[in-house]
Structures are given as C-alpha cells and as structure tokens.
There are 2 protein chains.
Amino acid sequence: MKLEEAIKSNKFKNETQKAALNVLYTAWWLKTNMSKGLKEFGITHEQYNVLRILKGKYPDQICVRDIACRMIEKNSNVPRIVDRLEIKKLVKRTTSQLDKRETVISLTHAGILLLEASTKSIDHTMETVTLLTEIESIQLNKLLEKLRSSER
Amino acid sequence: MKLEEAIKSNKFKNETQKAALNVLYTAWWLKTNMSKGLKEFGITHEQYNVLRILKGKYPDQICVRDIACRMIEKNSNVPRIVDRLEIKKLVKRTTSQLDKRETVISLTHAGILLLEASTKSIDHTMETVTLLTEIESIQLNKLLEKLRSSER
DNA sequence: TTAATTTATATGTATATACACCTATTATTT
DNA sequence: AAATAATAGGTGTATATACATATAAATTAA
C-alpha cells in the first residue's frame with residue numbers, strides 16, 4: 001500500500017516531507033507486525049527489546065542505565081518495563097554490591113526460554129513481512145543515516 | 001550517528017534486520033524532534049496530526065472515523081485526542097444531524113491560528129533536521145513502500 | 001413493524017512514552 | 001571530616017497506544 005492510500009492524503013509539501021511521514025508510518029506498521037507475533041508469548045514489543053538487550057550481555061549482568069542507553073526509544077521508562085518482566089519472573093533484580101545505587105538485572109531461566117522461542121517466531125515474522133533484498137537494505141540504511149545526519 | 005552507536009550494538013542478523021531497527025529508531029528520532037518544536041505551542045505530536053487532518057478538509061466538517069483512518073498510527077484513540085483539543089478550545093464537537101451516531105469535529109478560530117503558527121515552526125524544524133535531497137527522498141519512499149509490500 | 005445486526009463513538013484497563021521530581025548512594029570540594 | 005554536588009534508580013502525572021467492551025443510532029432481516 002502506498003503512503004497516499006494508507007493516510008488518505010496526497011498533499012505533501014515535497015518528497016522529503018513525504019519521506020518523513022513514510023518513515024513514521026512504516027515504523028508503526030513494523031511495530032504492529034512485531035506485536036502481533038509477540039502476543040502468544042504474553043510480552044510487548046518493548047519488553048522483548050529489554051530481554052534482547054539482556055541476552056546480548058548474558059551471562060554478564062547489566063544495570064538499568066545500560067539497558068536504557070541501548071533502547072531504540074531513548075525515553076523508555078526502563079524501571080517500569082523491568083517491573084513487568086519481574087512480575088512474569090522473566091528477569092531478576094539485584095542491588096549491585098560495587099555501587100549500591102545501581103540495580104543489576106539478569107535473565108532468569110524462564111526468561112531465556114521465552115526469549116529463544118519468541119526470537120524464533122519474531123525473526124520468521126520479520127523475514128516474511130520485510131520484503132527487501134540485502135542490497136536494498138544497505139541502500140535503505142544509508143538513506144536513513146543520511147536523513148539523521150543533522151544529529152549531534 | 002550510525003545505528004550501531006545509537007543502540008550500542010552491531011549484532012545484526014543481516015542488513016534487512018538492521019534496516020527494520022533503523023526505521024524504528026529514525027521514527028523515534030523524528031517524533032522527538034517534532035515534539036520539541038511543538039512544545040512551545042502546548043500540543044503533542046498526535047494532537048498536531050489531528051489538527052492537520054481537520055485543516056485538510058476545512059471548512060468541511062469531518063467525523064471521528066474519518067480522522068482515525070487518516071492517522072499515521074492507526075490505533076490512535078481519536079475520541080481521547082479530541083477530548084484534549086476540545087479542552088484547549090482548539091476544536092468543537094457536534095453531533096451530526098444526518099447521522100446522530102456521528103460526532104463531527106471542526107477547527108475553532110483559535111485552532112486555525114495555532115495550527116498556522118505551529119506548522120510554520122514544524123516545517124522549519126523538519127527542513128533543518130531531515131537532510132535528504134529530493135532525489136534521495138524519492139528513493140527512500142520507494143524503498144519503504146517495497147519494504148511494506150507484503151501489506152494487504 | 002419489530003427484532004437482530006451493524007456502525008459510530010465513547011469508555012475502561014494495561015502498558016508505554018515523556019518528563020519532572022524524590023531518595024539513596026557515591027564522588028568531589030572545602 | 002563535613003558539606004555539596006552528581007549519579008542511579010524509582011515514582012508521580014499527563015498523554016498516548018492497544019484492545020476490549022458498552023451504548024446509542026441506523027440498517028437490515030424476519
């Protein structure tokens with residue numbers, strides 16, 4: 001579906017404005033597809049993101065601040081996302097002994113199992129849904145980074 | 001900033017997976033920049049989106065359902081966004097006389113003024129921040145629509 | 001014409017974003 | 001060493017997303 005159909009408008013100032021809206025719409029579309037796949041595992045897209053970050057460092061522990069700076073959405077409220085993962089017993093919280101201000105988070109066995117199963121499912125969903133060749137993907141990555149090149 | 005730096009990871013399955021994450025991160029980045037610009041006008045990014053949709057049809061009125069299907073994020077809870085715009089007296093709600101189930105929304109004079117001022121500001125922000133040429137933007141739009149081509 | 005179904009909107013709940021502020025702990029300064 | 005500043009994480013509030021359900025009005029079927 002073209003963007004024009006998706007948002008029922010073709011009044012764009014220029015192609016750049018359209019591209020910005022297209023990025024926003026595509027992100028919403030990707031998130032929706034991911035969430036659908038995660039539903040059977042009882043976790044949200046953001047909770048999955050935190051589990052993935054923990055896995056990336058496993059078996060090392062990682063503090064809340066380090067999780068936060070690895071999140072895609074930088075304003076995520078990590079303590080609260082961890083709350084929900086803790087209730088489901090997918091992660092464990094411990095106060096760091098080196099610095100008692102820090103809370104270190106680690107995956108539980110249940111967390112590892114759930115992450116493995118959901119990753120398999122999500123990877124499959126994303127492959128089915130994201131129809132780009134490797135070359136096109138490289139091109140897209142370049143354009144997105146050019147778009148953001150005003151970022152300091 | 002490259003995606004690797006932004007999310008402190010370079011463990012991507014392939015370029016397509018990286019592209020999907022890059023779209024999500026770029027969308028967050030764009031929204032953040034937009035929100036910063038809208039702050040002085042006291043409205044959120046989503047409230048601005050609704051005002052823009054109303055302007056697109058002005059002076060025709062438009063019902064809640066028609067706003068919803070024009071939103072970028074299709075699961076937006078339009079009645080609630082309209083609640084907030086109504087409190088600020090930027091829009092007016094009326095029950096349609098032709099179909100009493102429908103609520104038609106229209107911009108107030110204050111809404112029009114605020115929209116004009118904020119659009120000026122937002123357009124400027126987006127131009128400063130989104131560094132793509134017209135040609136690159138066309139290319140990006142094509143790639144995003146290819147990415148989503150599994151959409152039915 | 002009444003009953004059943006569909007549609008438009010509103011509302012409730014869980015989770016998330018965005019951001020301000022609080023508290024405990026650590027680091028720095030005087 | 002005591003006072004001050006900085007840092008990590010938690011918590012409160014407003015708004016949003018996501019989705020289920022409720023309610024009123026309109027449409028369709030019996």
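These legends describe close-up views of a predicted model with two protein chains and two DNA strands.

**View 1. Chain A meets chain B.** In this predicted model, 63 residues of chain A contact 63 residues of chain B. About 6400 Å² is buried between the two chains. Carbon and sulfur atoms give 57% of that area. Eight salt bridges cross the interface of chain A and chain B. One of the interface's polar features is the pairing of Lys13(B) with Asp123(A), a salt bridge of 3.9 Å from N to O. Polar contacts link 36 residue pairs between the chains, counting pairs with both residues at pLDDT 80 or more.

**View 2. The side of chain A that touches chain B.** Which helices of chain A give two or more residues to this side? They are H1 (3–6), H2 (15–38), H3 (45–57), H6 (109–129) and H7 (134–147). H2(A) gives the most, with 17 residues. By class, this side of chain A holds 26 nonpolar, 16 polar and 21 charged residues.

**View 3. The two copies superposed.** A turn of 180 degrees, with a shift of 0.0 Å along the axis, lays chain A on chain B. The RMSD is 0.0 Å. This is therefore the relation of a two-fold axis. Both copies use the same surface: 100% of the contact residues of chain A recur in chain B.

**View 4. The protein around DNA strand C.** DNA strand C has 25 residues around it. Thr44(A), Lys100(A), Arg101(A), Arg65(B) and Arg80(B) come nearest. Sugar and phosphate make up 77% of the strand C atoms that come within 4 Å of the protein. H3 and H5 of chain A each supply at least two residues of the surface near strand C, as do H4 (64–68) and H5 of chain B. H5(A) gives the most, with three residues. By class, the surface near strand C divides into five nonpolar, seven polar and 13 charged residues.

**View 5. Polar contacts to DNA strand C.** Which parts of strand C do Arg101(A), Arg65(B) and Arg101(B) approach? Arg101(A) places a polar side-chain atom 3.5 Å from a sugar or linking oxygen. Arg65(B) uses its backbone: an N or O atom there lies 2.6 Å from a phosphate oxygen. Arg101(B) goes to a base, with a polar side-chain atom 3.0 Å from a base oxygen.

**View 6. The protein around DNA strand D.** Strand D is surrounded by 24 residues. The closest are Arg65(A), Arg80(A), Thr44(B), Asp99(B) and Lys100(B). Of the strand D atoms that come within 4 Å of the protein, 77% belong to sugar and phosphate. By class, the surface near strand D has five nonpolar, seven polar and 12 charged residues.

**View 7. Side chains of chain B at DNA strand D.** What do Asn77(B), Arg80(B) and Arg84(B) reach on this strand? A side-chain N or O atom of Asn77(B) is 3.4 Å from a base nitrogen. For Arg80(B), a side-chain N or O atom is 3.3 Å from a base nitrogen. Arg84(B) has a side-chain N or O atom 3.1 Å from a phosphate oxygen. The elements that give two or more residues to the surface near strand D are H4 (64–68) and H5 (78–87) of chain A, with H3 (45–57) and H5 (78–87) of chain B. H5(B) gives the largest share, three residues.

Technical notes. Residues are numbered from 1 along each chain as its sequence is written. Chains are lettered from A and ligands numbered from 1 in the order in which they are written. This is a predicted model: local features need pLDDT of at least 70, side-chain atom pairs count only at pLDDT 80 or more; totals for chains, interfaces and linings use all residues. Side-chain values use heavy atoms; hydrogens and water are left out. A residue is near a molecule or strand if one of its heavy atoms lies within 4 Å of it. A polar contact is a pair of N or O atoms within 3.5 Å; within protein, one must be able to donate a hydrogen and the other to accept it, and residues adjacent in sequence count only if both atoms are side-chain atoms. Helices (H or I, at least four residues) and strands (E, at least two) are DSSP runs, numbered from the N terminus. Ala, Val, Leu, Ile, Met, Phe, Trp, Tyr, Cys and Pro count as nonpolar, Asp, Glu, Lys and Arg as charged, and the others, Gly among them, as polar. Contact means heavy atoms within 4.5 Å. Buried area is the accessible area (1.4 Å probe) that two parts lose on being put together, summed over both. A salt bridge is a side-chain nitrogen of Lys or Arg within 4 Å of a carboxyl oxygen of Asp or Glu. Copies are superposed by least squares on the C-alpha atoms of residues with pLDDT of at least 70 in both.
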